[in-house]
Amino acid sequence: HHVQLSPEKLVQALCQADDVDAQMSQLVQLFELSESERRLRHLLVTLFQEVFSEFFPGCAILPFGSSVNGFDIHGCDLDLFLDLEKTKTFQASAKGPQGAQAEEGAGPDSDSEDSILSDIDLTTATVPEVLELVAAVLQKCVPGVHSVQAVHSARRPVVKFCHKDSGLLGDISINNRLALCNTRFLQLCTEADERVRPLVYALRYWAKQQALAGNPFGGGPLLNNYALTLLVLFFLQTRIPPALPTLAQLRELTGDGDQAIVDGWDCSFPQDASRLEPSANTESLCSLLAEFFRIFGDHDFAGCMISLQEGRALPLPSFLLSEVGAKLKLGPFNVQDPFELSHNVAANVNEKIAQRFQHCCRDGAKYCRSLQYQRKSSKGKAWGLVRLFQPGVPEAGELGPDGLLITIPFTLMALSPGSRQLLCQARDFRRCWFDKVCAAITFVLKDVLKCSCTGPAGEPLGQEPTEQSGGEQPIVGSKHPRSDERGSLALSPAKKRLRVEGPAPEEEESVSWSCAVWHRVWMGRRRVRRQLRHLGSPQPDTEQEAGSLEVEEKVSEAIIHQEGDSMGAEPLLRFTACARVGGGQEDTRTLLYFTPVPQQGPLFQDFYHFLQGFLPRMVERYVGRAAWGRQ
Ligand code: ATP
Ligand code: MG
């Protein structure tokens, strides 16, 4: 049985380390499989081997993936390859020239062998047919195994299973010999340089915490651990001097016995790490991690192919003309398999995840420049890796998991024809629109919902850029600060300009708000809205979902009044919101990321769900009003 490490224990252990290098080594020790866990896996493999040999004489069960590649963690899945090559030969010879079966079955077991192998001809059977057979054997004949299921849809079809006593999940594949090679290659890299394991463990965990990698159910748009690991190895190949050799260099060092062609791909590399020359690179783990973030924060993932074969990023135009390039599936994230050269191991990654990966790297790089990263806190504060591993560190606040993203679409509908024209002619159209949306968000949070908001660095309120927006009124600035907003400073979206190095000419901008909610303004709005309508001033706006901005302001005020104005010393909720322009040249959406202060639980969830519906509608109304210059 494996014991999952609690996040608290992890933080505690890491904070006690002396420096970042020590933290990274700690990480490996905390995560890696214990001796007893390894023994259990070994026993399972032996058991599988015995059972399968009964049915498939000469077969081999070979573990691959994280159980054996050097990047194991507690409870990682057990990837197995069922090698049926020898069984095929056996079956072919058993059938003999004219079906002379009698020669074979000398032993007492021959009945069962005959019964299963006489049902199927392994040389002509399809993969699904063999897999169903494997599933049947697993289901019926391996003790302690349950939830057996053949999955045919995956790129590499597998039979999934669960081992009851240990809770281990695993899968068996039958046509995945390349995985044995790449597993061995990863293992070789861990043997070649002792910095490989700590660095990969740190980045795997970071990516998991940022919801960028490691989907436990497989599939989906996240990076998988294999692809992420290759990215780290590539990074080490490209250091100056290199920390790892390229595959082309490894091929040169391969002895005659280690030459291998698998599925037509050259998989030759030395099996023994002692054949490799020690690296001249002496960078510390602490600086390697920071450099990883810096480099991939600015890497053009969509524009080139990461090649571990050559240890460099190949520009796409010329790569696509190559023989393998023509067959490869390109995407926003391109990492070439080290052996199966026509395979992009990150082909499943979508645009959004690719962009978020980059943003997270930039935030990581920024954090790594701070003293908080580099030096142990003497006051017992989180430092070093710990803050990188927090799902929503303030530095990365704008990059909360997808669940806390509200997208505000661009809508021309809200604009008057005149404004529409002006906006479309504006030199920096996206920028201009983005500023409007930010002003609207400010208004909705502060004036409509009565949150108190502050930004860390301030431009005074009411300086909404209006240069390009014709005769429109800056709405925000015309509001007077309200006396009922205790603790609320003049609201000032903090403008952060993230510098982009390299060729990208466009400056990326984000605006963030730090907010406190004092009243349950998200509850019972519909009821209050109805009451207000009854009380008097008949509202022309009869929409059920939300009234005009003015009505919604009154609704909030009424809720606050009903709560009895009893404001606690502490707000109900605190969160930061961070807006940025959607990625991509044509993307006019505004992405608004929310990061709650930790441990607020269900209350924040409620508030957030409310905002998902309310905020975009109100923003649209505000922008429309500003554009028409009404009211
Ligand atoms: P973990 O199981 O902890 O996520 P892992 O290293 O075992 O880590 P898996 O995703 O289980 O990663 O993959 C196991 C093996 O399957 C890899 O070592 C690799 O050989 C192969 N593999 C996984 N994903 C791919 C892929 N996208 N392309 C090619 N081979 C892959
Ligand atoms: Mg695995």
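**A tour from loop to ligand and back**

Begin by selecting D263, which sits in the loop between β6 and β7 (265-266); helices (H or I, at least four residues) and strands (E, at least two) are taken here as DSSP runs, numbered from the N terminus. This is a predicted model, in which local features need pLDDT of at least 70 and side-chain atom pairs count only at pLDDT 80 or more, while totals for chains, interfaces and linings use all residues. Residues are numbered from 1 along each chain as its sequence is written, chains are lettered from A and ligands numbered from 1 in the order in which they are written, and side-chain values use heavy atoms, with hydrogens and water left out.

Although D263 is not a glycine, its phi is positive, at about 50 degrees. With a relative accessible area of 54%, D263 is exposed, where exposed means over 50%, buried under 20% and partly exposed in between, with a 1.4 Å probe and protein chains only. Now move to K450, another non-glycine residue with a positive phi, in this case about 60 degrees. K450 is placed in the loop between α18 (429-448) and β11 (452-454), and it counts as buried because its relative accessibility is 6%.

**The whole chain**

Zoom out before going further, and the protein chain shows 21 helices and 15 strands. Of its 631 residues, 50% are buried. Taking a contact as heavy atoms within 4.5 Å, residues 24 or more positions apart account for 69% of the contacts in the chain with a separation of 6 or more. The chain exposes about 29800 Å², of which carbon and sulfur atoms supply 54%; accessible areas come from the Shrake-Rupley method with a 1.4 Å probe, and for residues only the protein chains shown count as cover.

**Helix α2**

Select residues 20-31 next, which form the twelve-residue helix α2. The expected span of a helix is 1.5 Å times one less than its number of residues, which for α2 gives 16 Å, and this agrees with the 17 Å between its end C-alpha atoms. Colour V20, Q23, M24, L27, V28, L30 and F31, the buried residues of this helix. An α-helix has 3.6 residues a turn, so residues three or four places apart point the same way. The elements against which the buried residues of α2 pack are α1 (7-16), α8 (196-209), α11 (285-297), α15 (371-374) and α16 (385-388).

**Ligand 1 and the magnesium ion**

Select ligand 1 and display the 18 residues that surround it, the closest being S66, D77, N182, N225 and H343; a residue belongs to this shell if one of its heavy atoms lies within 4 Å of the molecule. For polar contacts, look for pairs of N or O atoms within 3.5 Å; within protein, one must be able to donate a hydrogen and the other to accept it, and residues adjacent in sequence count only if both atoms are side-chain atoms. An N or O atom in the side chain of N182 is 2.4 Å from an oxygen atom of ligand 1, an N or O atom in the side chain of H343 is 2.8 Å from a nitrogen atom of the ligand, and a backbone N or O atom of V345 is 3.4 Å from a nitrogen atom of the ligand. On its own, ligand 1 has 590 Å² of accessible area, and the protein covers 80% of this. Two elements, α7 (177-192) and α9 (225-237), give two or more residues to the shell, and the largest share, three residues, comes from α7.

Which residues are the protein donors of the magnesium ion, ligand 2? They are D77 (OD) and D79 (OD), lying 2.1 to 2.3 Å from the ion, where donors are N, O and S atoms within 2.8 Å of the metal (3.2 Å for Na, K and Ca); water is not among the atoms, so sites may look incomplete. D77 is partly exposed, with a relative accessible area of 32%, whereas D79 is buried at 12%.

**Three last stops**

Follow the chain to P241, in the loop between α9 and α10, where a cis peptide bond with omega of about -10 degrees joins I240 and P241.

Then select T254, in the loop between α10 (247-253) and β6 (261-262), which is buried with a relative accessible area of 9%. A polar atom of its side chain lies 3.0 Å from the backbone oxygen of R251, and the side chain of T254 also reaches the backbone nitrogen of F269 at 3.5 Å. Leaving aside residues up to four places away in sequence, T254 touches Q259, S268, F269, P270 and R275.

Finish at R356 in helix α14 (residues 351-368), which is buried with a relative accessible area of 2%. Its C-alpha atom is separated by 7.6 Å from that of L212, although the two residues are 144 residues apart along the chain.
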